[in-house]
Amino acid sequence: MKESPQQKKLEDILRYCPLVSGGFMGEDLRPVKEIIDTDTHTVEQLGYTNEQIAERMEYIRNEGLKGLGSVVKLNNGLEVRIDDNRGLLPSPWPDDPHRSSKTITFVLDTDTGNELRWSDLSIHLIRAHGFYQGHGSPFRLNPSELISVIFK
Amino acid sequence: MSSNKSASKKIILDGLWGNNPIFRQVLGICSTLAVTNLVINTAVMCAALTLTTALSCFTVSLLRAYTPRRIRMMVQTLIIASYVIMVDLYLKAYWPEMSANLGPYVGLIITNCIIMGRCEAFAVANPPVPSLVDGLFNGLGYSLILLAVSITRELLGMGTILGYPMPYFSTLWDKWIIMVMPPGAFFTLALIIWLCRSIQTTGREKTS
Amino acid sequence: MTGLTGEMTHALVVCFSAIFTGNMVLSYFLGLCPFIGVSREIKTAFGLGTAVVFVLTFTSGINWAAYHYILVPLELDFFRFILFIIIIAAFVQFVEMIIERFSPLLYVNLGIFLPLITVNCAILGVSLFMVIRDYSLIVTVAYGFGSGLGWMLAIVSMAGIRQRLNESRIPYGLQGPGITLIIAGLMALAFIGFSGVLQGR
Amino acid sequence: MIDILTAIFIISSTAAGLAAILVVAERFFADYGECLITINNDEKRTVKGGGSLLESLTSEKIFIPSACGGRGTCGYCKCKVLKGGGILLPTEEPYLSAEEKKNNMRLSCQIKIREDIDIEIPEELLAVKEYKVICKKIVDLTYDMKQFIFSLQEPAKISYTPGQYVQLFAPKYDGNTEEVYRAYSISSDPADNTIVELIIRLVPNGICTTYCFKHLKEGDQALLNGPYGDFRLTDTNAKIIFIAGGSGIAPIKCMLHHMQNITCLREAVFYFGVNSEKDLCMVDTMRAFEKTLPKFKFVPVMSRPEHPEKWKGETGLVTEAVLRNEKNADQSEAYLCGSPGMIDASIVVLKKLGMKESNIFYDKFS
């Protein structure tokens with residue numbers, strides 16, 4: 001697809017980004033806009049919006065933060081652990097100055113045994129751009145799986 | 001041998017379906033869509049394009065070690081242009097009225113994005129034979145879609161295929177003039193892209 | 001004098017028809033790849049459109065001169081493809097250098113689109129049409145300017161329509177190129193409405 | 001035959017002519033000549049024009065922090081440009097607040113050097129040097145924390161104040177296509193200025209930590225630059241409360257070495273928060289400090305001990321332990337080092353104990 005220079009710059013940053021090892025795209029060859037459209041489409045089909053998902057992820061992260069690194073049990077059978085690190089991660093989007101702290105949230109759904117992990121940057125990318133990252137990226141969140149875990 | 005057999009199998013499948021130039025990469029639609037109102041024009045155009053893509057990719061990957069990085073694009077354009085001129089001269093010599101029909105569009109194969117795209121994405125970094133296979137099957141993948149477009153347009157618009165009147169379409173069917181005019185090409189291509197992408201994602205949904 | 005005014009009116013007619021009746025992208029399908037790929041926001045579409053108008057106007061003039069003063073006297077007519085492509089590529093590279101050197105703001109708004117234009121079919125298409133229709137210099141430049149303006153008009157209005165479509169729900173298979181082609185089809189239908197107005201040949 | 005030759009000659013000569021025009025134009029346009037960069041109007045450096053300000057400064061061994069490799073998306077490489085920076089570009093717009101735009105801060109990776117330029121950068125950045133080092137020793141502290149001791153090669157000595165950090169260079173390796181710098185606090189004894197010791201905790205999918213844990217071996221060459229940061233001990237003799245978690249122990253160990261060297265008699269207590277026994281480390285070094293520094297107390301706090309019966313020390317969160325043991329803290333100072341979450345929680349507790357905000361120092365690597 002012929003893309004505008006700004007789109008090409010975004011694509012280049014997300015694929016070879018020095019912020020997270022392996023970049024944000026894994027080995028997904030589809031253009032960014034298409035990945036976003038597909039994921040937003042699945043989210044809409046399940047009756048949620050990116051904003052609701054981001055808010056719920058933030059709520060779970062804040063609950064886990066109270067444990068300062070140890071496991072926190074939520075009422076609906078979710079176990080949350082926060083792995084906090086120093087330093088800030090800037091957002092890869094070219095005109096987006098937002099910075100998120102290097103906090104990684106590990107969520108274990110005790111009933112189904114599903115284990116998910118996301119960083120603060122993942123929450124921001126979902127809220128601001130609807131980007132759940134490409135297949136194969138270490139922090140890829142499958143919308144349907146994510147919704148089944150966080151909205152238990 | 002088996003590894004490069006599966007490798008070339010992947011290239012073939014990518015060219016035809018996985019990474020199809022029309023509905024996946026969305027490249028190179030310009031010069032051929034204009035002539036899709038007649039199947040014969042499209043067939044000649046697609047044959048010319050497939051030939052040019054295959055040979056250009058082959059030559060570019062032959063010279064890939066010697067072309068300096070700075071003028072890489074210029075060298076590729078010159079290689080493609082020389083093949084297109086050969087095709088143009090061949091058509092002028094052996095099939096003058098087709099060359100007149102196609103008008104400037106044969107020359108426009110030079111700037112067709114799919115050829116430059118394949119040279120830039122594949123031929124520059126791969127040995128000659130796989131590049132030839134890649135160029136050939138990308139051209140074929142491209143031609144299949146555009147032949148489908150032209151068959152639909154000619155059948156609905158004029159009731160004929162390759163000029164021969166079709167049984168039902170040339171008699172009872174009142175011709176859709178829109179199919180002969182440019183908007184018809186846009187609508188037909190859009191519908192075919194929609195069809196192919198839906199088939200592809202439902203397929204991919206099951207596997208992923 | 002009348003020869004000149006005749007020329008001018010012919011140039012105006014050709015320019016006007018290149019914008020509406022014989023639009024580069026909507027009736028000749030030229031420059032379709034960037035038209036589908038780069039028409040998501042009005043700002044980028046406008047930047048690319050202006051760059052295309054600028055490049056088209058100058059390259060059609062230069063190509064006309066090169067064709068009539070180099071190729072025709074030496075009967076090297078079939079070399080016109082290579083010559084036009086080299087001239088377009090060199091011209092775009094040269095202009096990009098000038099803009100980058102002298103005006104950083106213009107470079108950020110216009111200059112970054114120039115590499116995208118070197119491989120654009122519309123630019124070569126206009127030069128080839130100019131040869132087939134055998135226009136004089138003034139008419140060629142008017143034709144170049146008109147088709148550039150027509151291309152820009154098409155991509156900016158497409159960007160406007162697509163920006164409004166951001167919130168609407170489009171079936172998955174049709175997102176991206178599919179819906180753009182349908183809108184282009186509808187725009188082509190609209191532009192056919194102009195066909196009775198002017199038939200600049 | 002003749003016209004084939006003339007044809008080829010004509011086409012190649014026009015192509016060559018155009019190519020020549022382009023090359024000459026490139027030489028003429030892209031050549032901005034020598035430009036003078038004046039830094040904090042005393043340092044003067046002449047560089048070849050045309051490159052970005054960030055690249056030119058790095059080539060002059062002046063290191064401005066940057067995380068996105070000069071692509072203009074991290075906004076770390078801000079600096080004040082007094083003269084010669086050209087107009088503010090749209091790509092810099094989102095990263096500068098209105099106030100920063102007023103006293104003309106700019107993104108140094110987006111500015112192209114076209115003429116002489118005056119800039120102003122924090123003084124400490126001028127003291128930053130690049131050090132070629134050899135990784136002398138790697139010690140496993142816990143299952144996910146290692147101690148790396150680097151001996152300096154060129155230049156051979158480093159001078160830093162305890163609490164500062166350096167940036168370690170992670171080169172390309174399989175699975176990582178970009179060269180990056182990552183910040184780690186120095187934990188070695190400042191008296192011995194020929195070595196630099198870092199304590200690094202493995203971050204899942206972190207570029208630099210994966211490099212250190214999987215690819216860096218003893219005897220390998222590495223690259224450091226620094227020192228950075230203004231996290232340091234004040235020279236009052238108020239009581240000190242150290243609070244750290246995980247790899248946050250590094251700058252505090254460095255400060256304790258420093259206090260030991262100048263036999264400082266300030267009262268100090270160090271609350272070290274860990275999850276369980278397997279995260280506890282450096283207990284013997286800290287006990288040694290308790291012997292040499294009479295008024296120093298080391299208090300490890302374990303939130304989820306695996307064998308509660310064996311563990312005698314404090315339990316629960318490190319912030320709860322501080323609340324239990326410290327009474328009024330309005331006369332003392334606090335030094336916090338560790339995860340942003342822990343630092344914020346500690347600040348709340350210290351304020352409850354009456355400590356003034358100005359006496360709380362922390363290094364969140366912002």
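1. Let's begin with D:Cys264 and its prospects for a disulfide in this predicted model. Its closest cysteine sulfur belongs to D:Cys254 and lies 14 Å away, which is too far for a bond. D:Cys264 is also buried, as its relative accessible area is 15%.

2. The cysteine count follows a simple rule: two sulfur atoms must lie within 2.5 Å to make a disulfide. By that rule, there are 0 disulfides over all chains. D:Cys208 is in none either, and the nearest cysteine sulfur, in D:Cys212, is 4.3 Å away. With a relative accessible area of 1%, D:Cys208 is buried.

3. Staying with chain D, do have a look at the open sheet. Its 5 strands are arranged in the order E2-E1-E5-E3-E4, with mixed pairing. Strands E2 (43-48) and E4 (105-107) of chain D stand at the edges; each has a single partner strand, so one side of each is left without a neighbour in the sheet. On average, neighbouring strands here are turned by 40° against each other, direction ignored.

4. For a view of one edge, follow E4(D) to its partner. Strand E3 (residues 78-83) of chain D runs antiparallel to E4(D), and 3 bridges join the two. D:Lys80 has D:Met105 in E4(D) as its bridge partner.

5. Over on chain B, there is a surface patch to note. B:Ile40, B:Tyr90, B:Tyr94, B:Trp95, B:Leu162 and B:Tyr164 make up this nonpolar patch, which has about 710 Å² of accessible area together. One of its members, B:Leu162, sits in the loop between strand E1 (160-161) and strand E2 (164-165) of chain B. B:Leu162 counts as partly exposed because its relative accessibility is 43%.

Technical notes
Residues numbered from 1 in each chain as written. Chains lettered and ligands numbered in written order. Predicted model: local features only at pLDDT ≥ 70, side-chain atom pairs only at ≥ 80, totals over all residues. Heavy atoms only, no water. Patch = residues over 30% accessible without salt bridge, like charges linked within 9 Å, V, L, I, M, F, W, Y side chains within 5 Å. Areas by Shrake-Rupley, 256 points an atom, 1.4 Å probe, with all protein chains shown as cover. Salt bridge = Lys/Arg side-chain N within 4 Å of Asp/Glu carboxyl O. Helix = DSSP H or I, 4+ residues; strand = E, 2+ residues; numbered from the N terminus. Buried < 20%, exposed > 50% of the residue type's maximum accessible area, 1.4 Å probe, protein only. Pairing = 2+ DSSP bridges. Axes fitted to C-alpha atoms, helices over the stretch in contact; angles between N-to-C directions.
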